[in-house]
Amino acid sequence: MKKLIVLSLLILASCSNKKEIKQVAEISCGICQLHLDAEECSLAVRFNDKAYFVDGFNIDDFGDAHDEKIGFCNVIRKAEITGTVENGRFFASDIKLVE
């Protein structure tokens, strides 16, 4: 019986671990380009047909968000992202633009 309880706890613990995501995704302004609801422009990513606001990086960390050619409020770019999804947000540990 003790083995069964320990095994059950191990299974539950492994299910609750947040799986780290590492893939190429679209990155842009969540409001201006990815059509998320918020009160101000914020960095967001989209992968697997779902968009998430980003925690851990700011929209201006990659240059002026309103630049006509590369700004996230004007264009959608590609980036290799690493992080986890928690409570409907993407917690980024690393973002590298690929274009």
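Which residue in β5 is the bridge partner of aspartate 55? In this predicted model, the partner is phenylalanine 91. That pairing belongs to a barrel, and the barrel is a convenient place to start.

Five strands close into the barrel, in the order β1-β2-β3-β5-β4, and their pairing is mixed. From one strand to the next, the twist averages 55°. Strands of a sheet pair through backbone hydrogen bonds, in either the parallel or the antiparallel sense. Both senses can be followed here by taking the strand pairs in turn.

Strand β1 covers residues 21-29 and strand β2 covers residues 43-47; the two are antiparallel and share 4 bridges. Within this pair, serine 28 has alanine 44 of β2 as its bridge partner. β3 and β5, in contrast, run parallel and are joined over 3 bridges; the bridge between aspartate 55 and phenylalanine 91 of β5 has already been named. β4 and β5 are antiparallel, with 8 bridges between them. Valine 85 has phenylalanine 90 of β5 as its bridge partner. β4 and β5 also form a hairpin, with 2 residues between the strands. In that turn, asparagine 87 has a positive phi of about 50°.

Side chains add further links between the strands. A search of the whole structure gives 4 salt bridges. One of them joins arginine 46 and glutamate 26, with an N to O distance of 2.5 Å. Arginine 46 lies in strand β2 and glutamate 26 in strand β1, so this salt bridge ties together parts that are 20 residues apart in sequence. Neither residue is counted as buried, because that would require a relative accessible area under 20%. Arginine 46 is partly exposed at 25%, and glutamate 26 is partly exposed at 22%.

Another salt bridge connects arginine 89 with aspartate 55, and their closest N and O atoms are 2.8 Å apart. Arginine 89 is in strand β5 (residues 89-97) and aspartate 55 is in strand β3 (residues 50-55), so the pair links distant parts of the chain, 34 residues apart. Aspartate 55 therefore takes part in a backbone bridge to phenylalanine 91 and in a side-chain salt bridge to arginine 89. Arginine 89 is partly exposed, with a relative accessible area of 31%, and aspartate 55 is partly exposed at 22%.

A further salt bridge is formed by the side chains of lysine 96 and aspartate 94, at 3.6 Å from N to O. Lysine 96 is partly exposed at 48% relative accessible area, and aspartate 94 is partly exposed at 27%.

The next topic is the nonpolar core. In soluble globular proteins, nonpolar side chains tend to be buried together. The largest nonpolar core in this model has 19 residues, and those with the most contacts inside it are Leu43, Val45, Phe47, Ile81, Phe90 and Ile95. The elements that contribute two or more residues to this core are β1, β2, β3, β4 (77-86) and β5. β1 gives the most, with 4 residues. Isoleucine 81 shows how such contacts spread: beyond four places in sequence, its contacts are Ile21, Lys22, Gln23, Ala25, Val45, Phe47, Phe90, Asp94 and Ile95.

Two other residues are useful to inspect in the model. Glutamine 23 is in strand β1 and is partly exposed, at 26% relative accessibility. Its C-alpha atom is separated by 6.9 Å from that of threonine 82, although the two residues are 59 residues apart along the chain. Not counting residues up to four places away, glutamine 23 touches Phe47, Asn48, Ala79, Glu80 and Ile81.

Threonine 84 is in strand β4. Threonine 84 is buried, with a relative accessible area of 14%. The side chain of threonine 84 makes a polar contact of 2.9 Å with the side chain of glutamate 86. Apart from neighbours within four places in sequence, threonine 84 is in contact with Lys18, Lys19, Glu20, Arg89, Phe90 and Phe91. Among these contacts, Arg89 is the residue that forms a salt bridge with aspartate 55, and Phe91 is the bridge partner of aspartate 55 in β5.

Technical notes
Residues numbered from 1 in each chain as written. Predicted model: local features only at pLDDT ≥ 70, side-chain atom pairs only at ≥ 80, totals over all residues. Heavy atoms only, no water. Axes fitted to C-alpha atoms, helices over the stretch in contact; angles between N-to-C directions. Buried < 20%, exposed > 50% of the residue type's maximum accessible area, 1.4 Å probe, protein only. Contact = heavy atoms within 4.5 Å. Core = buried A, V, L, I, M, F, W, Y, C linked by side-chain atoms within 4.5 Å. Polar contact = N/O pair within 3.5 Å; in protein donor to acceptor, adjacent residues only side chain to side chain.
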